[in-house]
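Work through the exercises below with the sequence and the model side by side. Try each task before you read its solution.

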Amino acid sequence: MFFKKNILKLTDEELLHQYATSGKTEYFGELYNRYIPLLYGLCLKYLTDEARAQDAVMQLFEDLLPKVPYYEIKVFKPWLYRVAKNHCLQILRKENKEIPLDYTINLVESDEFLHLLSEEDTSEEQLNALKHCLEKLPEFQRISIMHFFMEEMSYADIVEQTGFTLNNVKSYIQNGKRNLKICIKNQTQ
């Protein structure tokens, strides 16, 4: 009973760490259980059948259990969401079914901004300019940009995390990118 009370108090990251270091499935089980409603809803959306969605959630758990310690997971919830989405898409591909598109989840972003985030192609001057310009953004834009690009969260995850509306998140990211581009251009000239 004492173990169960303590495990419930652990954060997602602590549960991940405990599972990776101890190998005790109770840690991953508790972590996964926290997200079963989210996973079920996602699987139901893509697979459009309750029984298939339940099977997909269970199969995903069985697939991830031995593999999770080998992944480098920064934030569990968005990572799990992407893994579950890909799992459903694989099921649909195997069945040669039409794959539904959800334009509210992730939109392709322009390479103009994304290349600044890859350290390989970026000079120290550009990285310093990016850091400086991120700090100058209005708070809502900065939060949305950080979640979307650096934590790789979807629009839906940002809405859930921040309480912003979907249209506001899209607007903050678009305006933030534009403001960053202008600021960085001025900083590096």
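The exercises go from the overall fold to single residues.

This is a predicted model, in which local features need pLDDT of at least 70, side-chain atom pairs count only at pLDDT 80 or more, and totals for chains, interfaces and linings use all residues. Residues are numbered from 1 along each chain as its sequence is written, and side-chain values use heavy atoms, with hydrogens and water left out.

**Exercise 1. The overall fold**

Task: State how many helices and strands the protein has, and what share of its residues is buried.

Solution:
- Step 1. Count the elements, which are DSSP runs numbered from the N terminus (helices: H or I, at least four residues; strands: E, at least two). The protein has eleven helices and zero strands.
- Step 2. Turn to burial (buried: under 20% relative accessible area; exposed: over 50%; partly exposed: in between; 1.4 Å probe, protein chains only). Of the 189 residues, 35% are buried.
- Step 3. Look at contacts (heavy atoms within 4.5 Å). Take those between residues at least 6 apart in sequence: 61% of them join residues at least 24 apart.

**Exercise 2. An aromatic pair**

Task: Classify the ring pair of F28 and F61, and place both residues in the fold.

Solution:
- Step 1. Recall the rule. Rings of Phe, Tyr and Trp (its six-membered ring) pair if their centres lie within 6.5 Å; planes under 30 degrees apart are stacked, over 60 edge-to-face, and the rest tilted.
- Step 2. Search the whole structure: twelve aromatic pairs turn up.
- Step 3. Apply the rule. The ring centres of F28 and F61 are 5.6 Å apart and the planes lie at 20 degrees, so this pair is stacked.
- Step 4. Place the residues. F28 belongs to helix 3 (residues 25-34) and F61 to helix 5 (residues 50-64), so the pair ties together parts 33 residues apart in sequence.
- Step 5. Check burial. F28 has a relative accessible area of 1%, so F28 is buried.
- Step 6. Widen the view. Ring pairs link Y19, F28, Y32, Y35, F61, Y71, F76 and W79 into a cluster.

**Exercise 3. Two helices in contact**

Task: Describe how helix 4 and helix 5 pack.

Solution:
- Step 1. Take the axes (lines fitted to C-alpha atoms, over the stretch in contact; angles run from 0 to 180 degrees between N-to-C directions). Those of helix 4 (residues 36-47) and helix 5 come within 8 Å and cross at roughly 130 degrees.
- Step 2. Name the arrangement (under 35 degrees: roughly parallel; over 145: roughly antiparallel; 65 to 115: roughly perpendicular; the rest: oblique). Helix 4 and helix 5 are therefore oblique to each other.
- Step 3. List the contact. I36, L39, Y40, C43, L44 and L47 in helix 4 meet E50, R52, A53, Q54, A56, V57 and L60 in helix 5.
- Step 4. Sort these residues (nonpolar: Ala, Val, Leu, Ile, Met, Phe, Trp, Tyr, Cys and Pro; charged: Asp, Glu, Lys and Arg; polar: the others, Gly among them). The contact of helix 4 with helix 5 has ten nonpolar, one polar and two charged.

**Exercise 4. Two loop residues**

Task: Locate T48 and V75, and decide whether each is buried, partly exposed or exposed.

Solution:
- Step 1. T48 sits in the loop between helix 4 and helix 5. At 65% relative accessibility, T48 is exposed.
- Step 2. Check the backbone of T48. Its phi is near 55 degrees, a positive value in a residue other than glycine.
- Step 3. V75 is in the loop between helix 5 and helix 6 (76-94). At 32% relative accessibility, V75 is partly exposed.
- Step 4. Find a partner across the chain. The C-alpha atoms of V75 and D12 are 8.1 Å apart, with their positions 63 residues apart along the chain.
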